[in-house]
Amino acid sequence: MATLITNIRQLVNVREKNELLRGQSLAVLPSIDHAWLLIEGNEIAGYGTMAELPSNRPIPEETIDATGQFVLPAWCDSHTHIVFAGSREGEFVDKIRGLSYAEIAARGGGILNSARKLRETSEDELFNQAWKRLEEVSKQGTGAIEIKSGYGLTVESELKMLRVIRKLKERSSLTIRASFLGAHTYPPEFKEDHQGYIDLIIREMLPVIRQENLADYIDVFCETGFFSPEETETICKAGMSFGLKPKIHANQLNLSGGTQTGVKLGAISVDHLETMDEDAIKTLAASNTIGTLLPSAAFFLRMPFQPARALIDAGCAIALASDFNPGSSPSGNMNLVVSMSCIQMKMLPEEAINAATLNGAWAMELGNELGSITTGKKANLIFTRPIPSLSYLPYAFGSPLIDKVMVRGEWIG
Ligand code: NIG
Ligand code: FE
C-alpha cells in the first residue's frame with residue numbers, strides 16, 4: 001500500500017544522516033516547506049518539494065492533502081514506567097499538604113506503595129492498564145517507547161512486569177524497548193540486607209531475564225537513600241554480563257554520582273539530571289552517553305528543572321522523555337514535555353523537537369530506524385492541525401494541536 005501526502009506546509013526533521021545530535025547541532029532542524037511525502041508499506045519511501053513532485057509517478061492507492069499542516073516524526077519517548085497498578089493521587093495530596101517525595105518514600109509510600117499494588121494485580125489486569133496508557137500516548141504522538149520494570153521488587157513480580165512488557169511488544173504497533181529496573185528501591189524485606197537483594201537480582205532475576213529474553217537494558221535508581229554508585233556499578237556490570245546495556249536513573253534528587261557512574265560504565269543514557277554540578281556536566285559532555293531530561297518529573301515534584309542550557313552549551317547530547325509513572329510524572333504527554341523544556345528550561349523549539357525525536361530514538365538505540373524523516377525509516381508521523389509556525393507547537397502548551405498520528409504506516413486511533 002502506498003500513500004502520498006501532498007501540500008504539507010512544512011515537513012520537519014528531514015535528514016539523510018542519522019547521527020546523534022550534541023551541543024549546537026541540536027538547534028539545527030532541517031525541514032522542507034510545501035512538501036510531499038510518500039509512504040510505502042510501513043516505511044518512508046520519498047519526499048521533496050511540491051514544485052518537484054514527479055508528474056510521471058505511479059498513482060498511489062491513497063493521496064492525502066495536508067494543506068496548512070506540519071508533519072513531524074512521531075515522538076520517541078525513551079524513559080517510562082507505564083506498567084504499573086492503579087494510581088497514587090493520595091500521595092499527590094500529601095505532597096500538597098507539605099510532605100516531600102523523600103519523606104513519602106521513607107514512610108513506605110512511593111515506589112513501595114506501587115509495588116504492593118502491583119503484587120496484588122494479575123498479569124492480565126496489568127497488561128490491560130498499560131495497554132490503555134499506550135493507546136493514550138500514541139494518540140498524543142508517541143510512536144516508540146521504552147518501558148521499565150521496577151514496581152515488582154520480587155523475582156515473581158519483576159518477571160511479571162517484564163512479561164507484560166513483552167506482550168505489549170508483541171501486540172502493539174509501537175516500537176517498544178524494555179529495561180529491567182529491579183534495583184528501583186530496596187523492598188522492605190531487604191531494607192537491612194542490601195547485599196541480599198543485590199544477590200537476588202544477580203542470581204535469580206537476571207538469569208531468567210536472559211533465558212526468556214525479557215529486557216534490552218539494565219536500569220538502577222542511583223540515588224541517596226536508594227542505590228549507591230558502588231551498588232549501581234555492581235548491578236550494571238552483572239546486567240552487562242547478561243547482555244543488557246545500562247540506562248540509569250541519575251542525579252535526580254542529589255549529586256549522587258550517578259552521572260559519573262553511568263559514563264564510566266558506558267551507559268546508553270543517564271536520565272533525570274535535575275541536580276547537576278560542573279563535574280557531572282563536563283563528564284557527560286566528554287562521553288557518548290546521552291543525558292535524558294525528564295522535565296515533567298521536575299514539574300510534578302516541584303523541583304528545579306534540569307539545566308538544559310548548561311548541558312547543551314557544554315556539548316552534551318540531550319534527549320527528552322516523559323518518565324510516565326504513578327509517583328513523579330503521571331503523564332506521558334510528550335507535547336507537554338516539549339513545551340516545558342522550552343518554557344522552563346529555555347530550550348529552543350528546534351532543540352526540543354530534535355531531543356524528543358532523533359535523540360530520543362538514539363536513547364533507545366533506534367536512531368537508524370526512527371526519529372527523523374529519512375527514506376527507509378519507519379513511517380511514524382505526527383500531523384498537526386493547521387498552525388501558524390512550528391514554534392506555535394510548544395508555545396500553545398496544552399492545546400490539542402495534533403490532527404492525526406501514523407505508526408508504521410497505519411493511522412492510530
Ligand atoms: O523516574 N526516580 C525513580 N523512579 C521514578 C519514580 C518512581 C515512583 O515514584 O513511582 C522516576 O521518577
Ligand atoms: Fe524514571
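Are Lys148 and Glu146 buried or exposed? Keep that question in mind as you open the viewer; this tour comes back to it shortly. One thing to know before setting out: the model is predicted.

**Stop 1: the iron ion**

Select the iron ion (ligand 2) and show the side chains around it. His79 (NE2), His81 (NE2), His249 (NE2) and Asp323 (OD) coordinate the iron ion, at 2.1 to 2.3 Å. Read along the chain, these donors have the spacing H-x1-H-x167-H-x73-D. Now pick out His79 and His249, a pair that links distant parts of the chain, 170 residues apart. His79 sits in the loop between strand 6 (75-77) and helix 1 (89-96), while His249 belongs to strand 10 (residues 245-250). Both His79 and His249 are buried.

**Stop 2: the cavity**

Next, turn on a display of internal space. The structure holds one cavity of 30 Å³ or more, and the volume of the largest cavity is about 90 Å³. Its lining is made of 14 residues, and those nearest the centre are His81, Tyr101, His184, Asn325 and Ser328. You have met His81 already, as one of the residues that coordinate the iron ion. By class, the cavity lining has four nonpolar, eight polar and two charged residues.

**Stop 3: strand 7**

Select strand 7 (residues 142-148), where Thr142 is found. Thr142 has a relative accessible area of 0%, so it counts as buried. What does Thr142 touch, leaving aside its neighbours within four places in sequence? Its contacts are Trp75, Asp77, Val137, Leu174, Gly332, Met334 and Val407.

Here is the place to return to the opening question: Lys148 and Glu146 are both buried. Show their side chains and you will find a salt bridge between Lys148 and Glu146, with the closest N and O atoms 2.7 Å apart.

**Stop 4: more salt bridges**

How many salt bridges does a search of the whole structure find? The count is 18. Two of them can be viewed along helices.

- Go to helix 6 (residues 194-211), which holds both Asp199 and Arg203, four residues apart, about one turn of the helix. They form a salt bridge whose closest N and O atoms are 4.0 Å apart. Asp199 is partly exposed at a relative accessible area of 22%, and Arg203 is exposed at 60%.
- Then move to helix 11 (residues 308-313), home to Arg309 and Asp313, again four residues apart. Their side chains meet in a salt bridge of 3.6 Å, N to O. Arg309 is partly exposed, with 26% relative accessibility, and Asp313 is exposed, with 59%.

Residues three or four places apart in an α-helix point the same way, because there are 3.6 residues a turn.

For a group view, select Lys169, Arg177, Asp216, Lys245 and Glu365, which are linked in a network of salt bridges.

**Stop 5: Pro187 and helix 3**

Find Pro187 in the loop between strand 8 (175-183) and helix 6. Pro187 is buried, with a relative accessible area of 0%. Beyond its neighbours within four places in sequence, Pro187 is in contact with Leu112, Arg119, Leu153 and Tyr197.

Leu112 leads to helix 3 (residues 111-119), where Ile111, Leu112, Asn113, Ser114, Ala115 and Leu118 are buried. Among the elements that cover these buried residues are helix 1, helix 2 (101-106), helix 4 (123-139) and helix 5 (155-171).

**Stop 6: two pockets**

Stay with helix 3 and look for the largest pocket, which has about 370 Å³ of space. Its lining counts 18 residues, with Ala105, Ala106, Thr185, Lys191 and Gly225 closest to the centre. Helix 2 and helix 3 are the elements that give two or more residues to this lining. Helix 2 gives the largest share, three residues.

The second largest pocket has a volume of about 230 Å³. Of its 17 lining residues, Asn333, Asn335, Ser399, Pro400 and Leu401 lie nearest its centre. The largest share of this lining, four residues, comes from helix 12.

**Last stop: helix 13**

Finish by selecting helix 13 (residues 349-356). Seven of its eight residues are buried, so helix 13 is largely enclosed by the rest of the structure. The buried ones are Pro349, Glu351, Ala352, Ile353, Asn354, Ala355 and Ala356.

How values were computed
Residues are numbered from 1 along each chain as its sequence is written. Chains are lettered from A and ligands numbered from 1 in the order in which they are written. This is a predicted model: local features need pLDDT of at least 70, side-chain atom pairs count only at pLDDT 80 or more; totals for chains, interfaces and linings use all residues. Side-chain values use heavy atoms; hydrogens and water are left out. Donors are N, O and S atoms within 2.8 Å of the metal (3.2 Å for Na, K and Ca); water is not among the atoms, so sites may look incomplete. Buried means under 20% relative accessible area, exposed over 50%, partly exposed in between (1.4 Å probe, protein chains only). Contact means heavy atoms within 4.5 Å. On a 1 Å grid over the protein atoms alone, a cavity is a set of points where a 1.4 Å probe fits but cannot get out, and a pocket is an open set with protein on both sides within 12 Å along at least five of seven lines; lining residues have an atom within 4 Å of a point. Grid points are joined across faces, edges and corners, and a volume is the space filled by probe spheres set on the points. Ala, Val, Leu, Ile, Met, Phe, Trp, Tyr, Cys and Pro count as nonpolar, Asp, Glu, Lys and Arg as charged, and the others, Gly among them, as polar.
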